[in-house]
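Reader: I should like to learn how the features of a structure are read. Please take them one at a time, beginning with the fold.

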Amino acid sequence: MRALLAVLGGLGVLGVALWLSASPAGAVAPSADAGAELAARWCAACHVVAPSGAGTDAAPSFTSIANQRSPDEIRAFLAKPHARPMRGFNLTSREIEDVTAYIATLHQKAER
Ligand code: HEC
């Protein structure tokens with residue numbers, strides 16, 4: 001019985017360790033605020049980045065991206081070298097997390 005409890009306890013610790021290591025940028029949570037700033041600075045030239053913002057329709061608005069793509073898809077898109085109009089973007093994983101967090105907030109707003 002004791003041995004069984006020890007094994008179960010060990011599995012619990014392992015589970016927590018795996019869960020912790022699975023969270024992306026370590027202990028620091030992504031910042032949607034930093035993402036919003038980044039978007040306004042680097043993305044607004046082509047995308048409508050604010051929920052009700054005006055802008056160009058040369059690129060999909062961030063609200064429509066939020067509604068059509070999962071955060072995982074957005075991350076994956078931003079991690080790759082970009083499609084032609086967005087070539088040259090080389091975001092750090094931190095920046096990708098932040099801007100993805102920001103885009104995710106637009107999804108909630110659009111649903112209400
Ligand atoms: C030079 C113009 C331009 C800039 C600047 C730009 N984008 Fe884009 N982006 C586009 C265009 C055009 C598309 C649609 C065509 C495509 O998918 O490549 C696009 C597509 C995307 C998509 C994928 C949409 C989908 O269909 O899944 C994401 C996500 C995205 N942009 C995020 C960003 C972020 C974040 C920034 C700022 C760091 C940014 N873009 C800056 C032009 C731009």
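Author: Helices (H or I, at least four residues) and strands (E, at least two) are DSSP runs, numbered from the N terminus. Here the chain has five helices and zero strands, in the order α-α-α-α-α along the sequence. The model is predicted: local features need pLDDT of at least 70, side-chain atom pairs count only at pLDDT 80 or more, and totals for chains, interfaces and linings use all residues. Residues are numbered from 1 along each chain as its sequence is written, and side-chain values use heavy atoms, with hydrogens and water left out.

Reader: Which elements have the lowest and the highest mean pLDDT?

Author: The pLDDT is the predictor's confidence in each residue, from 0 to 100. Its mean over the chain is 76, and 60% of the residues reach 70 or more. Among the elements, helix α1 (residues 2-22) has the lowest mean, 53, and helix α2 (residues 32-42) the highest, 94. Residues 14-20 fall below 50, and this stretch has zero contacts in the model beyond near neighbours in sequence. A contact means heavy atoms within 4.5 Å.

Reader: What percentage of the residues is buried?

Author: Buried means under 20% relative accessible area, exposed over 50%, and partly exposed in between (1.4 Å probe, protein chains only). Buried residues make up 24% of the 112 residues in the chain. For instance, C43 is buried at 14% relative accessibility, while C46 is partly exposed at 34%.

Reader: How many disulfides are counted?

Author: A disulfide is a pair of cysteine sulfur atoms within 2.5 Å. By this rule the count is zero.

Reader: How many salt bridges are there?

Author: A salt bridge places a side-chain nitrogen of Lys or Arg within 4 Å of a carboxyl oxygen of Asp or Glu. The rule yields four salt bridges. One of them joins D72 to R75, at 2.7 Å from N to O; both residues lie in helix α4 (residues 71-79), three residues apart, about one turn of the helix. D72 is exposed at 54%, whereas R75 is partly exposed at 25%.

Reader: With which residue does R75 form a further salt bridge?

Author: R75 also pairs with E97, the closest N and O atoms being 3.1 Å apart. Because R75 lies in helix α4 and E97 in helix α5 (residues 93-111), the pair ties together parts that are 22 residues apart in sequence. E97 is buried at 9% relative accessibility.

Reader: Where do D98 and R94 lie?

Author: Both are in helix α5, four residues apart, about one turn of the helix. Salt bridges that share partners join D72, R75 and E97 into one network.
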